[in-house]
Amino acid sequence: MAEKQGKGMTKEEEDLYQEILSWTREYAKEKGLALNTDDRQFTAVIRGLVRNRLKHGERYCPCRIRSGDPEKDRLIICPCAYHGKEIEGEGHCHCSLFFRPQ
Ligand code: SF4
């Protein structure tokens with residue numbers, strides 16, 4: 001699994017990348033979920049979360065459209081309100097970050 005994705009990232013982005021990476025692993029462990037084993041996909045989602053957090057102030061899902069209404073958009077702050085059902089039904093969340101354990 002990718003530890004460092006520093007290419008083209010500022011120090012702030014890199015620090016936040018590591019923070020969100022740690023959170024993601026912690027959360028998966030706590031909930032008994034697996035993580036995407038495809039490094040490129042995994043990294044792209046984490047980078048998307050970093051971008052949204054820096055740009056919009058929250059860890060908004062990079063695979064969903066924000067409405068712009070912070071109240072509604074709370075539902076799509078990672079871990080979004082939908083991931084549990086998605087993992088149950090399809091085996092992974094919409095972004096393919098979290099997976100049902102094998
Ligand atoms: S779909 Fe996955 S990555 Fe996107 S917010 Fe939900 S849990 Fe996070």
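Which residue takes a positive phi just after helix 4? In this predicted model, the residue is Gly 91, whose phi is about 95°. Helix 4 itself covers residues 83-90, and because the number of buried residues among its 8 is 0, the helix lies largely in the open.

The interior gives another picture. The largest nonpolar core has 19 residues, and those with the most contacts inside it are Val 45, Ile 46, Cys 61 and Leu 97. Helix 1 (11-31) and helix 2 (39-56) each supply at least two residues of this core, and the largest share, 5 residues, comes from helix 2. In soluble globular proteins, nonpolar side chains tend to be buried together.

Val 45 has its place in helix 2, and it counts as buried because 24 other C-beta atoms lie within 10 Å, where 20 or more are needed. Although Val 45 and Cys 61 are 16 residues apart in sequence, their C-alpha atoms are 8.4 Å apart in space. The table gives the contacts of these two residues, leaving aside neighbours within four places in sequence.

| Residue | Contacts |
|---|---|
| Val 45 | Pro 62, Cys 95, Leu 97 |
| Cys 61 | Ile 76, Cys 78, Cys 80, Cys 95 |

Cys 61 also appears beside the ligand, which is surrounded by 13 residues, the closest being Cys 61, Cys 78, Cys 80, Cys 93 and Cys 95. The shell around the ligand divides into 11 nonpolar residues, 2 polar residues and no charged ones. Cys 61 is thus named both among the core residues with the most contacts and among the residues closest to the ligand.

Terms used:
Residues are numbered from 1 along each chain as its sequence is written. This is a predicted model: local features need pLDDT of at least 70, side-chain atom pairs count only at pLDDT 80 or more; totals for chains, interfaces and linings use all residues. A residue is near a molecule or strand if its C-beta atom, placed from the backbone, lies within 6 Å of it. Ala, Val, Leu, Ile, Met, Phe, Trp, Tyr, Cys and Pro count as nonpolar, Asp, Glu, Lys and Arg as charged, and the others, Gly among them, as polar. A residue is buried if 20 or more other C-beta atoms lie within 10 Å of its own, exposed if 12 or fewer, and partly exposed in between; C-beta atoms are placed from the backbone. Helices (H or I, at least four residues) and strands (E, at least two) are DSSP runs, numbered from the N terminus. A nonpolar core is a set of buried Ala, Val, Leu, Ile, Met, Phe, Trp, Tyr and Cys residues joined through C-beta atoms within 7 Å. Two residues are in contact if their C-beta atoms, placed from the backbone, lie within 7 Å.
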